[in-house]
Amino acid sequence: MDYKVADLSLAEFGRKEIELAEHEMPGLMAMRERYGADQPLRGARIAGSLHMTIQTAVLIETLTALGADVRWATCNIFSTQDHAAAAVVVGKDGTLDAPAGTPVFAWKGETLAEYWDEAEKVFDFTDADGNAVGPNVLLDDGGDITLLVHKGVEFEKAGAVPGQDSTDNEEYKEVLRVLARSVAADPQRWTRIANDIKGVTEETTTGVHRLYERFKEGSLLFPAINVNDSVTKSKFDNKYGCRHSLVDGINRATDVMIGGKVAVVCGYGDVGKGSAESLRGQGARVIVTEIDPICALQAAMDGYEVKRLDSVVDYADIFITTTGNFDIIKVEHFERMKNQAIVGNIGHFDNEIDMAGLAKIPGIVKDEIKPQVHQWIFPDGKKVIVLSEGRLLNLGNATGHPSFVMSNSFTNQVLAQIEVFTKTDQYPVGVYVLPKHLDEEVARLHLDALGVELTELSKEQAEYIGVDVAGPYKPEHYRY
Ligand code: NAI
């Protein structure tokens, strides 16, 4: 088995934490119980790119328990938990000398070049006869492996890959490098891979956004299930997950007293709502920035001040971006921040903060306090602390969302994988959300663990509000 992780000897520690997590992931464990015997994913070759954490380990082992063959990379250079990666490779029945789990290509602190080299490896499956084949399903978070396939096909059609000097974007240079190498070795590889792919299930807002854009411009190559917009994903993971893991990241990184500080949360979508609540829970005085009048009004009515970044940048202590947009915190903002201000991003990509611009300020010095925590020292001696180099700080500085909330997200992932793999004909190229009855089912699977007593509708009540006793309980347009 090929794999690349930091340290296989961490597997035992990883296994213990996986077992703890399983207890907190009732949705995933129910999937194993319900579908284990039927093996609905037998024959599925799943290429996965999603933060390689303990929770993801439980997801991977659920997919394999349902019959899938899986290869996995991370979707962020800082988010891997090395003990989780090691445990997945060794597997439940393997040993350090004879790993028997799932191939993983991920470690904490990859370079960008390593990240894209490892991302490519999830496409290297072998069939029963030992022939090289590609995956037939993708499971993506942020759309990076979906991008590799689409760009690969695009370049194969055009007959060439643009040179790395065709872009200023350091990350995209690596994409071009990897694709140039692979297209040179096999000029039809990505076209073959794309033809075999039945679909992709996408985890996050930013990845979903990329998929709808592709579909709109007519370039989407296979069907996609938007897992993010299952209610039991975005209204839980994005919100309650960030409510937990944002302050966890700030605390582990800086141990600064959050109570009493002025914290600015840029964006008041699902992630912003959880982030603002997280900081307020610690006693911070929270200010929100928004561009959408509806979300701005929500923030105001939830009791936050809503201001422009320009109005508050001089006196705030903590800045968190949650927008999924780019250029939110710019050089001019860094220049006006006070000494020891803390800056971090919890949105998917690092371009929410102009890190490249920060590094170009004449005379600025980047000083590492510890991995993923840097102070940037300005020529006048002022320091600004930046977490995880502008990448997802809840995964870079802490361990991401806790198991229980990820069980909701990942149960949707498993259901989406089964849908797209077993009901391929029902999904022509397009972007879909899972049907509401499955969304309700995911929630239902998590009630017992919290001691929830769900009230049952009587037949008459169900008729009166026009629903079935067994659900779905809300029309499609209901927003929760
Ligand atoms: P969303 O679309 O619900 O919220 C984003 C909000 O930012 C919107 O309300 C939008 O109006 C606002 N916004 C956009 N441009 C802005 C600007 N210039 N200034 C102020 N506000 C602005 O998206 P969601 O679900 O909250 O996700 C946000 C990001 O977080 C995405 O990149 C997503 O992929 C990522 N994410 C990260 C997680 C993590 O664990 N770190 C978990 C889930 C999502």
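Let's start at glutamine 340, which sits in the loop between helix 14 and strand 13 (341-345). This is a predicted model, and glutamine 340 shows a positive phi near 70° although this residue is not a glycine. From there, the tour takes in another backbone feature or two, the sites annotated in UniProt, and a pair of packed helices.

**Backbone features worth a look**

- Most residues other than glycine have a negative phi, and most peptide bonds are trans.
- Glutamine 340 is partly exposed, at 43% relative accessibility.
- Aspartate 327 also has a positive phi, of about 60°, without being a glycine.
- You will find aspartate 327 in the loop that links strand 12 (318-321) to helix 14 (331-336), and its relative accessible area of 33% makes it partly exposed.
- The peptide bond leading from glycine 471 to proline 472 is cis, with omega near -5°; proline 472 belongs to the segment after helix 19 (459-465).

**Annotated binding-site residues**

- An unreviewed UniProt entry lists Thr53, Asp141, Glu203, Lys233 and Asp237 under "binding site".
- Glutamate 203 lies in the loop between strand 7 (199-202) and helix 9 (205-217), and is buried because its relative accessible area is 3%, under the 20% cut-off.
- Leaving aside residues up to four places away in sequence, glutamate 203 touches several residues, including Asp141, Lys233 and Asp237, which appear in that UniProt list as well.
- Other contacts of glutamate 203 include Met406, Ser409, Phe410 and Gln413.
- Lysine 233 is part of helix 10 (residues 231-254) and is buried too, with 2% relative accessibility.
- With the same sequence neighbours left out, the contacts of lysine 233 include Glu203, Thr204, Ser409 and Asn412.

**Annotated domain**

- The unreviewed UniProt entry gives residues 238-400 as "domain: S-adenosyl-L-homocysteine hydrolase NAD binding".
- Across residues 238-400, the chain is 35% helix and 23% strand, and 11 Å separates the end C-alpha atoms.

**Helix 17 against helix 18**

- The axes of helix 17 (residues 403-422) and helix 18 (residues 436-444) come within 10 Å and cross at roughly 140°, so the two helices are oblique to each other.
- The crossing of helix 17 past helix 18 is right-handed.
- Helix 17 contributes Asn408, Thr411, Asn412, Leu415 and Glu419 to the contact, while helix 18 contributes Leu438, Asp439 and Val442.
- Sorted by class, the residues of this contact are three nonpolar, three polar and two charged.
- Asn412, one of the helix 17 residues in this contact, is also touched by lysine 233.

Methods:
Residues numbered from 1 in each chain as written. Predicted model: local features only at pLDDT ≥ 70, side-chain atom pairs only at ≥ 80, totals over all residues. Heavy atoms only, no water. Axes fitted to C-alpha atoms, helices over the stretch in contact; angles between N-to-C directions. Helix = DSSP H or I, 4+ residues; strand = E, 2+ residues; numbered from the N terminus. Parallel < 35°, antiparallel > 145°, perpendicular 65-115°, else oblique. Left-handed = near helix turned anticlockwise from the far one by under 90°. Contact = heavy atoms within 4.5 Å. Nonpolar A, V, L, I, M, F, W, Y, C, P; charged D, E, K, R; others polar. UniProt positions renumbered as here; feature names shortened; annotations may be inferred. Buried < 20%, exposed > 50% of the residue type's maximum accessible area, 1.4 Å probe, protein only.
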